[in-house]
Amino acid sequence: MTLLATSDLREDDTPMSATPLETSFTGGDDRALKDAYDQYGSFVYSICRRSTDESTAADITQEVFIAAWRNRARYDATRGGLGPWLAGITRNKIIDHFRSVSREDRRIDKVKNTPQPAEPTEQQLEEVTLRMLLVEAMDELPERARNVITMAFFDDLTHVEIAARTGIPLGTVKSDIRRSLDRLRHGLGYIHG
Amino acid sequence: MAEQELREWAELSRSITDDDRIRHTPPPMVWDNIAAALAADADVPSTAEGLTFADPIVDEVVPPEAVIDLSAARERRAPVEERRRRRNLVLAGAASVLVFLVGLSLLTGIGEDPDVTTFVADVNNAELPEPFDGTATAIVAVDEAPMLEIAFTGELPSDEPVELWLIKPDLSDMRSLGIVNPGSDSWSGEWPADLDPAEYSLVDLSIEPADGDPTHSGRSILRGQLTLT
């Protein structure tokens, strides 16, 4: 693929600042948990649904938000967004779930011929979580930036080619890409790299 | 570095599947349950304010106490016929499990980070029902991804499965962390994020025969109580 110039990617190492939700969440604002649930509840539940049934996914989602709120002081926005932090808790909860399901319970389920989702490996969980986080992070990009970064990622286009194809000034393409990568780093922090 | 990073981003983005884009809406009762659970501890400060991991266990040697009989907890979980069968199974005498702090340097350096809360257990298993010839040291490092690491001296049994448990001292609950590899000299894994080391403070290894019974066998070979360092 065609790579962008290194100098265009990032001009400094300043971490992306926390969003208002992330700030209010760590501050224990009364509305923050509900806001976080409204924003990420479906995401967390959907991660769970990739490897568990509906009932278990609901239980784990519930546990994730309770644990997150009780341990909100551990969240550090400089290390990544609230989404990846919740995704990390979710991943751990799913692993815990499969560890705690007794061997006998699983045998009984098999005897009953109850269809059970296949137990994912930790690597599979990690990969699914990363991909779903990237979907979230890209969806949160402004439309123009999302289009630009999509052309860079999927079509292997250079800045110049993107500028020519879209009619967006070259400098704007560069800044869109730089800011998008910052947002993606934040959106996948805690989990990625 | 940036080029490599961009390559990784592009590769990851191209690996996205249709399933990765599907979002399910959780049932309404999920939020209801969250709100209800947190309403119960609305006045409880968060971890950073020092309650969850700091208060229940003090930084001192835990006085010797009787080896805990797990049969009561087991009975709460076992079917009636199993309870009948086990009624006469008595685990422990009145001897003590000696718990003391050990230097963190015994293990992996996990405790070197001053920002990480650590719990340590060292074990004297001489009075357990079926002690194995060795000891163990367990460390829980509590940060955003708590880890439990156990180092064994001596060789664990390899002829029967050995299972790792976390148990509340009052026996109101226990959690299996799974089977320890036969003959292993260590175990390492994530501490369950929903468990407080101050509450599930007994680390226990037991022989678990392949009898189809998922509850604790009562055949503990090693046990120690985690203590906040």
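What share of the contacts in chain B with a separation of 6 or more comes from residues 24 or more positions apart? In this predicted model, residues 24 or more positions apart account for 64% of those contacts in chain B.

**Chain B as a whole**

Chain B holds 5 helices and 9 strands, and, read from the N terminus on, its elements run α-α-α-α-α-β-β-β-β-β-β-β-β-β. Of its 229 residues, 47% count as buried, while the chain exposes about 10,800 Å², of which carbon and sulfur atoms supply 50%.

**Strand E4 of chain B and its partners**

Strand E4(B), which covers residues 162-167, has 6 of its 6 residues buried, so this strand is largely enclosed by the rest of the structure. Its side chains are divided between two directions: Val162(B), Leu164(B) and Leu166(B) point one way from E4(B), whereas Glu163(B), Trp165(B) and Ile167(B) point the other way, and all of them are buried.

Two strands of chain B that pair with E4(B) are set out below.

| Partner of E4(B) | Residues | Bridges | Direction |
|---|---|---|---|
| Strand E5(B) | 174-180 | 6 bridges | antiparallel |
| Strand E7(B) | 202-207 | 6 bridges | antiparallel |

Leu164(B) can serve as a reference point for both pairings, since it stands opposite Gly178(B) in E5(B), and its bridge partner in E7(B) is Leu205(B). The link between E4(B) and E5(B) can be described further: these two strands form a hairpin with 6 residues between them, and in the turn Leu171(B) has a positive phi of about 65°.

**Where a helix of chain A packs on a helix of chain B**

Helix H3(A), residues 32-49, packs with helix H3(B), residues 28-40, at an angle of about 155°, and their axes lie 12 Å apart. Angles over 145 degrees count as roughly antiparallel, and H3(A) and H3(B) are therefore roughly antiparallel to each other. The crossing of H3(A) and H3(B) is right-handed.

Which residues make this contact between H3(A) and H3(B)? From H3(A) the contact is made by Leu33(A), Lys34(A) and Tyr37(A), and from H3(B) by Val30(B), Trp31(B), Ile34(B) and Leu38(B).

Definitions and conventions. Residues are numbered from 1 along each chain as its sequence is written. Chains are lettered from A and ligands numbered from 1 in the order in which they are written. This is a predicted model: local features need pLDDT of at least 70, side-chain atom pairs count only at pLDDT 80 or more; totals for chains, interfaces and linings use all residues. Side-chain values use heavy atoms; hydrogens and water are left out. Buried means under 20% relative accessible area, exposed over 50%, partly exposed in between (1.4 Å probe, protein chains only). Helices (H or I, at least four residues) and strands (E, at least two) are DSSP runs, numbered from the N terminus. Two strands pair if DSSP finds at least two bridges between them. Contact means heavy atoms within 4.5 Å. Accessible areas come from the Shrake-Rupley method with a 1.4 Å probe; for residues, only the protein chains shown count as cover. Axes are lines fitted to C-alpha atoms, for helices over the stretch in contact, and angles run from 0 to 180 degrees between N-to-C directions. Angles under 35 degrees count as roughly parallel, over 145 as roughly antiparallel, 65 to 115 as roughly perpendicular and the rest as oblique. A crossing is left-handed if the near helix is turned anticlockwise from the far one by less than a right angle, and right-handed if clockwise.
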